[in-house]
Each structure stands twice: as C-alpha cells, then as structure tokens.
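Subject: Structure for you to look at

Hi,

Here is the structure I said I would pass on. Have a look at it first, and my notes follow underneath.

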Protein chains: 2
Amino acid sequence: MAIRLTILGCHSATPRVDSHTTSQFLEINKQHFLIDCGEGTQVQLRKYKVKFSKISRIFISHLHGDHFFGLIGLISTFGLIGREKDLHIYGPKGIKEIIVLQLKLSKSWTNYNLIFHELESKKSELIFEDDNVEVYTIPLTHRVYTNGYLFKEKIGERKLNIKEVSKHSEIEICDYQNLKNGRDFTKENGEIIANVDLTTDPTPVVSYAFCSDTVYKPDIVNIIKNVDLLYHEATFLEDKEFLCEKTKHSTAKHAAKIALKANVKKLLLGHYSSRYGNLELFKQEAQTVFENVELSEAGKVFEVNNATNHCV
Amino acid sequence: MAIRLTILGCHSATPRVDSHTTSQFLEINKQHFLIDCGEGTQVQLRKYKVKFSKISRIFISHLHGDHFFGLIGLISTFGLIGREKDLHIYGPKGIKEIIVLQLKLSKSWTNYNLIFHELESKKSELIFEDDNVEVYTIPLTHRVYTNGYLFKEKIGERKLNIKEVSKHSEIEICDYQNLKNGRDFTKENGEIIANVDLTTDPTPVVSYAFCSDTVYKPDIVNIIKNVDLLYHEATFLEDKEFLCEKTKHSTAKHAAKIALKANVKKLLLGHYSSRYGNLELFKQEAQTVFENVELSEAGKVFEVNNATNHCV
C-alpha cells in the first residue's frame with residue numbers, strides 16, 4: 001500500500017514570503033489527513049492543488065502559532081465553500097475553546113460538524129482507527145504540551161492465489177473470505193490444503209511518524225520503530241545545540257540519531273530556523289549519522305509504496 | 001501634509017494564492033497604522049517591504065476572519081522579533097479575549113505591552129488623538145458589529161513668512177511661536193501688524209476614511225464629508241445587488257454614490273468577491289456615478305499630499 005505526503009510548509013517561528021510554517025497533507029490508504037496548520041496553510045493547499053475538501057481529520061501537534069494559526073482560517077473557508085461532511089480535529093486541550101470562541105464572535109458557525117478530540121495524555125495512545133489505518137500519539141517534550149503522530153496502515157487480508165485456488169474445484173467463491181482471513185481449506189475427504197498454498201502475503205503496510213516540535217527524546221524510539229518514513233524536526237545545526245535545552249528543539253544530528261536508533265527507512269528533516277540560509281547543511285549534518293535523509297520543502301511530495309504484487 | 005496608504009490585501013472571504021484578504025498600512029503625519037489584518041498580512045508586510053515594526057496601532061473593523069485572522073500571527077511575530085514598544089489594538093468587544101486566550105494557551109506572552117481598546121458604541125466616536133492625528137469610528141451596518149475608521153490630520157500651526165518677518169527688527173525668535181499660533185504682533189509704539197501679513201496658512205490637512213464591510217449606508221456621509229480619500233467596500237457589481245441586503249455588503253455603484261454624496265476627492269474600491277475575474281468592471285460601474293475612482297490591489301500605494309508651500 002502507499003503513503004503520499006505533500007509538504008505545505010516546513011519552517012519554524014514565522015511565515016515569510018518564501019518560507020511557510022509547518023503543515024503537511026497526508027494521503028494514506030484512502031484517508032486524507034492534514035498535519036499541523038500554520039498561518040497560510042489554506043493558501044498553500046491551493047497553491048499545490050491539493051484537493052483539500054477531502055481532508056477528513058486534522059492533527060495539530062501543539063498550540064504554538066507556527067503549527068496552528070492557519071486552522072481557524074481553514075475551518076472558516078470550509079464553511080464558505082459549502083462543506084457538509086464532518087471534520088475531526090485532534091490537538092491539545094484548549095484547541096476547541098480557541099476555535100469555538102472565534103466562530104462565536106464572528107457569528108460564523110459552520111454548517112458541517114466540527115468534532116474535537118482534545119488530547120491530554122502523556123502516554124502514547126491510539127486516537128483513531130478504521131478498517132485501514134491507525135493513528136497513535138507520540139508524546140514529545142517541548143515548551144508546551146506536544147504530540148507527534150504515528151500513522152500506520154493496518155495489515156490487510158491475505159491475497160488469493162487464483163491459479164492455485166482454481167485447481168481445486170471444491171473451493172467455491174463463498175470460501176474465499178475464509179482463505180483471505182488465513183484459514184486452511186478442508187476438503188470433503190478430510191484432506192487439508194494449507195492456507196499458504198492458496199494465498200500470498202498481504203501487501204506490506206507502510207507507516208509514517210511525524211515528530212515536531214521536541215527536544216532530543218530517545219524514548220520515542222520504541223513508538224516509531226521501523227517506520228518507513230520519519231519526519232523529525234531539526235530546528236538547529238550542531239553549532240547551536242546549546243539552544244536546544246532552553247527552546248526544547250533538536251538539531252539535525254539529533255534527528256538522525258533518532259532515525260538510526262529507530263531503524264527507520266527514511267528520515268525527513270524540517271522546522272528549520274530562519275537563521276540558516278543553506279538547508280543542505282541540515283542534510284549533510286544528519287548524514288554523518290544516518291544516510292537516507294531528505295529535506296522538507298514546500299511543494300515536495302514524498303511517496304512510500306511497499307506494494308509487491310497485484311494478486312487479488 | 002501627507003498620507004501614504006499601502007494596500008496589503010483587498011479581496012473578500014478567503015485568501016488565495018494571488019488574492020489576499022483585507023489589510024492596509026497607513027502612514028499619516030508621523031503615525032504608522034495597520035487597518036484590518038486578514039490571514040497572511042504579516043507575509044504581505046514583508047513582501048512589500050513595509051517597516052512593520054513601526055506600526056503603533058492596529059484598527060480592526062470587525063471580527064470576520066478575512067479582516068482579523070492574521071492578527072494573532074502578527075502579534076506573535078512582534079514578540080519573536082523582540083518588539084519592545086507598546087502596541088494598541090482597536091476593535092470590537094471580544095477581540096481581547098480571542099488574542100489573550102491564544103497567548104495563554106501557547107504560553108507565548110509578549111514582552112511588549114499589548115493594549116486593547118474594545119469598541120461597542122454605535123455612534124461615531126473619537127478613539128485616538130495626539131498632536132497630529134485624530135481617529136474616529138464610522139459605525140457601519142454588517143452582519144456583525146463593524147466600524148470603519150476616519151483618519152484626520154489635525155490642522156497645524158501657521159507658517160512664518162520669513163521674508164516679511166525679517167523686515168521687522170522688533171520681532172525676535174521668542175515671538176515666533178505666538179505668530180505660528182495666529183496672534184498679531186504689537187510693536188512697542190502700539191502699532192499692530194496683522195498675523196496674516198507675517199504668516200501663511202498651515203499646510204492643508206488630509207483625511208482618509210476606511211469603510212468596510214457594510215451595506216449601502218448613506219448616513220455615514222456626514223462623518224466622511226470631504227475626505228481626500230475614501231476606501232469603500234464593493235463586494236459586488238450591480239448584477240448581484242440582490243445579495244447585498246442578505247450579506248450586508250455593497251456594490252461598486254453603492255460605493256460611488258457614497259463618494260458623490262460625501263464630496264470626497266478620490267474613491268478607492270476593494271473587498272471584491274472572488275466570483276469576478278475582471279476588476280476593471282468595478283471601476284467602470286463606479287465611474288458611471290463618480291469619476292475619480294481607483295482599484296485597490298495588493299502592493300499599490302496611494303498618496304495624498306496637500307502641501308502647498310515649504311515655508312518654515
């Protein structure tokens with residue numbers, strides 16, 4: 001299956017003409033999610049021609065402006081363009097009060113349902129699941145209550161090997177679901193055909209972990225172990241590591257250490273401080289620790305596709 | 001004296017890649033004001049190289065998002081760039097609660113003083129004055145409580161006619177202020193020299209009226225009479241006039257009628273609905289009623305300068 005991640009903004013602190021604050025659009029297994037929503041996100045969604053009416057759930061990491069000041073604008077715009085379907089918002093406690101107060105004072109209630117899921121726990125928890133996807137929080141350590149998010153596809157059904165199945169006339173269509181569920185087939189004469197002889201493994205699932213903002217925090221490794229794609233903030237280079245403890249941010253090398261420990265497939269950096277003009281330096285620093293590193297840039301799309309075959 | 005008005009955004013409803021919502025930067029007689037602050041205003045300020053740290057007072061017309069969703073971001077950015085001087089915010093009751101709640105939940109209190117002036121009156125009132133400038137509210141009629149703002153220079157001192165003054169050896173430097181204040185000069189022999197023979201008129205003052213959003217409201221004419229520059233919203237053309245009463249907006253022709261009745265020097269249109277691609281149509285419609293019409297466009301600067309001479 002596949003993940004498609006569109007970077008809408010990846011800079012820290014304040015939006016500028018050519019540097020937008022954090023927001024990402026994530027397509028994963030039929031779901032369309034928005035992660036963080038800095039000021040101007042709705043314009044970035046339009047700029048990169050993202051079909052943003054499809055967004056069903058918005059995940060806000062924390063209540064610093066560069067991660068959520070665009071949320072009220074997007075909610076309002078959804079109202080103006082006639083959205084009807086529910087919109088779920090996940091974020092720290094207080095996010096509902098901020099949004100509802102503004103809707104109330106502007107007398108601009110939405111015509112669609114706005115459903116808030118306020119988070120308070122300091123432990124990782126499952127906050128959403130359907131038949132295809134699970135989303136867990138990744139508790140981070142920042143100056144305010146902050147969560148990253150882990151998006152995981154669910155392992156699907158086994159795939160029928162039609163060529164093998166068709167060799168057995170006793171297997172009927174009504175048996176297929178049992179085979180997909182992993183059961184062996186028992187013939188009338190009592191003979192058992194092993195499931196592995198009739199099916200192939202499910203398409204491998206993919207996973208994405210979003211970790212921003214946080215000080216270097218190795219205890220998240222257990223939560224994000226083996227993910228296909230890890231976004232980890234890298235506000236500073238090592239030259240400013242002394243600022244990390246006070247500001248509760250990470251360096252590019254910190255991000256790479258987390259990627260290495262967690263054995264992720266690819267590391268994506270972002271949340272760059274505006275003091276750095278050359279973003280390649282972030283990549284170079286991280287690659288001294290972990291090789292497969294990419295830089296977030298607005299408009300860039302990252303795809304993870306683990307599909308191995310096209311059996312039914 | 002002079003007014004310099006920089007348009008930062010002039011479209012209604014929602015920001016898009018090439019159309020920004022309402023905000024204007026006004027320089028008037030040593031003061032630097034911001035009028036309305038739609039989402040993305042801080043980026044527009046940077047884009048047009050406005051020295052926005054100079055902004056001392058922000059005037060918000062009403063609490064619809066396209067007029068104030070950029071305010072919290074600008075306030076935060078002022079904090080991040082180390083602002084120290086006071087910032088005054090004028091706007092409808094409730095604006096303080098919105099801003100303070102967000103600062104509280106993000107634990108991002110400003111290091112500078114943030115002073116709110118919440119407005120509730122439905123009558124025009126003087127809300128700011130110093131030695132050079134006065135600002136009055138212009139009560140408008142919209143779907144929520146809304147004020148336009150009238151910015152007026154104060155009439156300055158009379159100007160010394162140095163050539164005439166120097167003909168009279170009895171007039172000393174210590175007499176100059178009395179002359180500037182309009183007093184006649186009495187010589188030792190009792191002879192009176194009329195002030196008008198020693199001074200010239202003060203530089204004519206200029207005035208700017210900002211009127212957005214509102215339904216056609218002729219009773220504002222008395223407040224904005226004879227202003228040099230009138231910005232009046234024109235959300236619709238006449239073809240959609242039937243929407244005005246429900247949405248409480250105006251057409252270009254409505255704006256022109258107000259300009260004509262108020263005998264303003266120049267009319268500036270804005271707050272265009274996104275349904276119109278060709279903005280020239282707004283100008284053409286308005287000019288059927290009032291000739292001196294300009295269109296707001298982001299980045300455009302409008303100057304009003306009534307200076308007639310350069311005497312001391």
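How many Å apart do the C-alpha centres of domain 1 of chain A and domain 2 of chain A lie? The answer is 43 Å. Before you go further, bear in mind that this is a predicted model.

On the domains themselves: domain 1 of chain A is made of two stretches, 2-156 and 203-305, while domain 2 covers 159-199. The C-alpha trace of chain A spans about 75 × 50 × 35 Å along its principal axes. Chain A has ten helices and 18 strands, and 43% of its 312 residues are buried. If you take the contacts in chain A between residues at least 6 apart in sequence, 66% of them join residues at least 24 apart.

Now the part between the chains. Chain A and chain B each put 32 residues into the contact. On the chain A side, α1 (41-47), α3 (71-80) and α4 (95-105) each supply at least two of the residues that touch chain B. That side of chain A breaks down into twelve nonpolar, 13 polar and seven charged residues.

Zoom in on α4, residues 95-105 in chain B as well. α4(A) and α4(B) pack with their axes 10 Å apart, at an angle of about 170°. Angles over 145 degrees count as roughly antiparallel, so α4(A) is roughly antiparallel to α4(B). From α4(A) the residues involved are A:E97, A:I98, A:L101, A:Q102 and A:L105, and they meet B:E97, B:I98, B:L101, B:Q102 and B:L105 in α4(B). By class, this helix-to-helix contact has six nonpolar, two polar and two charged residues.

One more helix pair, this time inside chain B. Helix α9 (residues 252-262) packs with helix α10 (residues 280-287), with an angle of about 45° and axes 8 Å apart. That angle makes α9(B) oblique to α10(B), and their crossing is right-handed. On the α9(B) side you will find B:A252, B:K253, B:A255 and B:A256, which meet B:F282, B:E285 and B:A286 of α10(B). The classes here come to five nonpolar and two charged residues, with no polar ones.

If you want a place to start, try α4(A) against α4(B), with B:L101 and A:L101 among the residues that meet there.

Cheers

Key
Residues are numbered from 1 along each chain as its sequence is written. Chains are lettered from A and ligands numbered from 1 in the order in which they are written. This is a predicted model: local features need pLDDT of at least 70, side-chain atom pairs count only at pLDDT 80 or more; totals for chains, interfaces and linings use all residues. Two residues are in contact if their C-beta atoms, placed from the backbone, lie within 7 Å. Helices (H or I, at least four residues) and strands (E, at least two) are DSSP runs, numbered from the N terminus. Ala, Val, Leu, Ile, Met, Phe, Trp, Tyr, Cys and Pro count as nonpolar, Asp, Glu, Lys and Arg as charged, and the others, Gly among them, as polar. Domain bounds come from an automatic or database domain assignment. Axes are lines fitted to C-alpha atoms, for helices over the stretch in contact, and angles run from 0 to 180 degrees between N-to-C directions. Angles under 35 degrees count as roughly parallel, over 145 as roughly antiparallel, 65 to 115 as roughly perpendicular and the rest as oblique. A residue is buried if 20 or more other C-beta atoms lie within 10 Å of its own, exposed if 12 or fewer, and partly exposed in between; C-beta atoms are placed from the backbone. A crossing is left-handed if the near helix is turned anticlockwise from the far one by less than a right angle, and right-handed if clockwise.
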